[in-house]
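Subject: Structure for you to look at

Hello,

Here is the structure I promised to pass on. Please open it first, then read my notes below.

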Amino acid sequence: MERYDLLREWMNDNSVTLAWAGKKMGMTGQGVGRLLRAARIPVKRHEALVLLGFPIELLPRAENYVRKAIVPV
């Protein structure tokens with residue numbers, strides 16, 4: 001099983017929804033879902049998810065990074 005599938009299974013077992021996590025984090029459930037599917041997430045968001053009870057081993061890697069600007073062609 002993939003990391004995200006295991007995480008979703010944990011969420012189902014613990015009655016945790018993306019909407020609930022989003023509300024607690026001040027963002028949308030869709031935004032939380034995008035974070036959880038990513039390979040890496042900002043340290044601030046990783047810490048917030050851990051405080052909500054998400055298992056560290058199932059979360060994406062915590063890393064602060066700078067997104068490169070998208071240059072129109």
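Start with a pair of charged side chains. E63 makes a salt bridge with R40, and their closest N and O atoms are 3.0 Å apart. R40 sits in strand β1 (residues 40-41), while E63 lies in the segment after β2 (61-62), so the pair ties together parts that are 23 residues apart in sequence. Keep in mind that this is a predicted model.

Are these two residues buried, exposed or in between? E63 counts as partly exposed because its relative accessibility is 24%, and a buried residue would have to be under 20%. R40 is also partly exposed, at 31% relative accessibility.

How many salt bridges are there by this rule? The count is two. The other one pairs R61 with E63, with the closest N and O atoms 2.0 Å apart. R61 has a relative accessible area of 47%, so R61 counts as partly exposed. E63 takes part in both bridges, and these shared partners join R40, R61 and E63 into one network.

Now step back to the whole chain. The protein chain has four helices and two strands. In sequence order, the pattern is α-α-α-β-α-β. The C-alpha atoms fill a box of roughly 45 × 25 × 20 Å along the principal axes. The chain has 73 residues, and 29% of them count as buried. About 5,400 Å² of the chain is exposed, and carbon and sulfur atoms supply 54% of that area.

Next, look at how the chain meets itself. Take the contacts with a separation of 6 or more. Residues 24 or more positions apart account for 37% of them.

Then look inside. In soluble globular proteins, nonpolar side chains tend to be buried together. Here, the largest nonpolar core has 14 residues. Those with the most contacts inside this core are L7, M11, V32, L36, L49 and F54. Which elements give two or more residues to the core? They are α1 (3-13), α2 (18-25) and α3 (29-37).

V32 is a good residue to click on. Leave out residues up to four places away in sequence, and V32 touches L18, A21, G22, M25, M27 and L49. L49 is also one of the core residues with the most contacts.

One loop residue deserves a look too. S15 is found in the loop between α1 and α2. Most residues other than glycine have a negative phi. S15 has a positive value, near 55°. Is S15 buried or exposed? With a relative accessible area of 67%, S15 is exposed, because the cut-off for exposed is over 50%.

Last, some notes on charge and distance. The chain carries 12 positive and 7 negative charges, and the mean positions of the two sets are 13 Å apart. D5 is a residue of helix α1. D5 is partly exposed, with a relative accessible area of 39%. From C-alpha to C-alpha, D5 and K24 are 22 Å apart in space. In sequence, D5 and K24 are 19 residues apart.

To go over it yourself, begin with the network of R40, R61 and E63. Then find V32 and its contacts, including L18 and M27. Finish at S15, in the loop between α1 and α2.

Best wishes

Definitions and conventions. Residues numbered from 1 in each chain as written. Predicted model: local features only at pLDDT ≥ 70, side-chain atom pairs only at ≥ 80, totals over all residues. Heavy atoms only, no water. Core = buried A, V, L, I, M, F, W, Y, C linked by side-chain atoms within 4.5 Å. Buried < 20%, exposed > 50% of the residue type's maximum accessible area, 1.4 Å probe, protein only. Contact = heavy atoms within 4.5 Å. Areas by Shrake-Rupley, 256 points an atom, 1.4 Å probe, with all protein chains shown as cover. Lys, Arg positive; Asp, Glu negative; His and termini not counted. Charge placed at Lys NZ, Arg CZ, Asp CG, Glu CD. Salt bridge = Lys/Arg side-chain N within 4 Å of Asp/Glu carboxyl O.
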